[in-house]
Every structure is written in structure tokens, then in C-alpha cells.
Amino acid sequence: MSLQVFYTPRSKETLESVYHFINNKFGTKSADKFTIKAERIIQLIVEQPLMFKASTIDESIRIGLITKQTSLFYRITETSIHLLFFWDNRQEPFEV
């Protein structure tokens, strides 16, 4: 049984933001490559939800590396995967 994937509004917003940043700085080809990598990582998460490390802030949240510059934060439930947000790894870590 495969888990259903849900994009939160924040994940949609941050994915679009990262895409536009890459598109503006490196061009459409690079931005499209990023989208393909993100889709591949999401498919891997569906197949193996626990493959990425748990967050030190909240163990129910996992962090998937898409590129060395971008990570995906997600939460797993019994029936689904919730994509929380995409994170530019060059940013300062956030405080909780």
C-alpha cells in the first residue's frame, strides 16, 4: 500500500519560490531539473518514508535532501505523507 502525498499551502509556496529563484538566477533548464529532482525525491519518500533523518527539533518531521542547497521537510502519518515546506539550506536555521 502506498501512502498518499499531500502538499501543504506552505510547501506549494516554498517550492514555487525555490523554482523562481533558480529560474531567475540560472535559467529555466536548471529550474526544470530541480523540479524533476524534487519529484524523484518525493517518489522515493513514498516508497521508503523513513529513508531520511528525523529533525532534531521534532522527531515526527523528517528532512529529505533534494540538492545540497535545498531540503524538503515532511511528516508521515499512517496513511499519508504531508510535505511541509522546502528549505534553502543556505539560510540561517530557524528558532523554535
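Student: Which strand is β2 joined to by bridges, and how many bridges are there?

Tutor: In this predicted model, β2 is joined to strand β3, which covers residues 70-76, by 6 bridges, and the two strands run antiparallel.

Student: OK, and how many residues sit between β2 and β3?

Tutor: There are 2 residues between them, and together the two strands form a hairpin. If you want a pair to look for on screen, find G64, which stands opposite L72 in β3.

Student: Is β2 largely enclosed or open, and why?

Tutor: It is largely enclosed by the rest of the structure, because 6 of its 7 residues are buried.

Student: Let me pick one residue, then. Where is T67?

Tutor: T67 lies in β2, the strand that takes in residues 61-67.

Student: Buried or exposed?

Tutor: T67 has a relative accessible area of 14%, and since buried means under 20%, T67 counts as buried.

Student: What does T67 touch?

Tutor: Leaving aside residues up to four places away in sequence, T67 touches F34, K37 and N89. As for where side chains point, in a regular strand they alternate between the two faces of the sheet.

Student: Switching topic: where is D58 found?

Tutor: D58 is found in the loop that lies between α2, residues 28-47, and β2. With a relative accessibility of 29%, D58 counts as partly exposed.

Student: And how far apart are D58 and R75?

Tutor: That depends on how you count, as they are 17 residues apart in sequence, while in space they are 9.8 Å apart from C-alpha to C-alpha.

Student: Now the whole chain. What pattern does it follow along the sequence?

Tutor: Reading along the sequence you meet β-α-α-β-β-β, and the secondary structure comes to 2 helices and 4 strands. The radius of gyration is 13 Å, close to the 12 Å that the globule rule gives for 96 residues, so the chain is as compact as a globular protein of that length.

Student: What does the chain span along its principal axes?

Tutor: The C-alpha trace spans about 40 × 35 × 20 Å.

Student: How much of the chain counts as buried, and what about the surface?

Tutor: Of the 96 residues, 36% count as buried, and the accessible surface of the chain comes to about 6,600 Å², with 53% of it belonging to carbon and sulfur atoms.

Student: Last one, charges: how many positive and negative?

Tutor: The chain has 12 positive and 11 negative charges, and the mean positions of these two groups are 9 Å apart.

Technical notes:
Residues numbered from 1 in each chain as written. Predicted model: local features only at pLDDT ≥ 70, side-chain atom pairs only at ≥ 80, totals over all residues. Heavy atoms only, no water. Buried < 20%, exposed > 50% of the residue type's maximum accessible area, 1.4 Å probe, protein only. Contact = heavy atoms within 4.5 Å. Rg over C-alpha atoms; globule rule 2.2 N^0.38 Å. Areas by Shrake-Rupley, 256 points an atom, 1.4 Å probe, with all protein chains shown as cover. Lys, Arg positive; Asp, Glu negative; His and termini not counted. Charge placed at Lys NZ, Arg CZ, Asp CG, Glu CD. Pairing = 2+ DSSP bridges.
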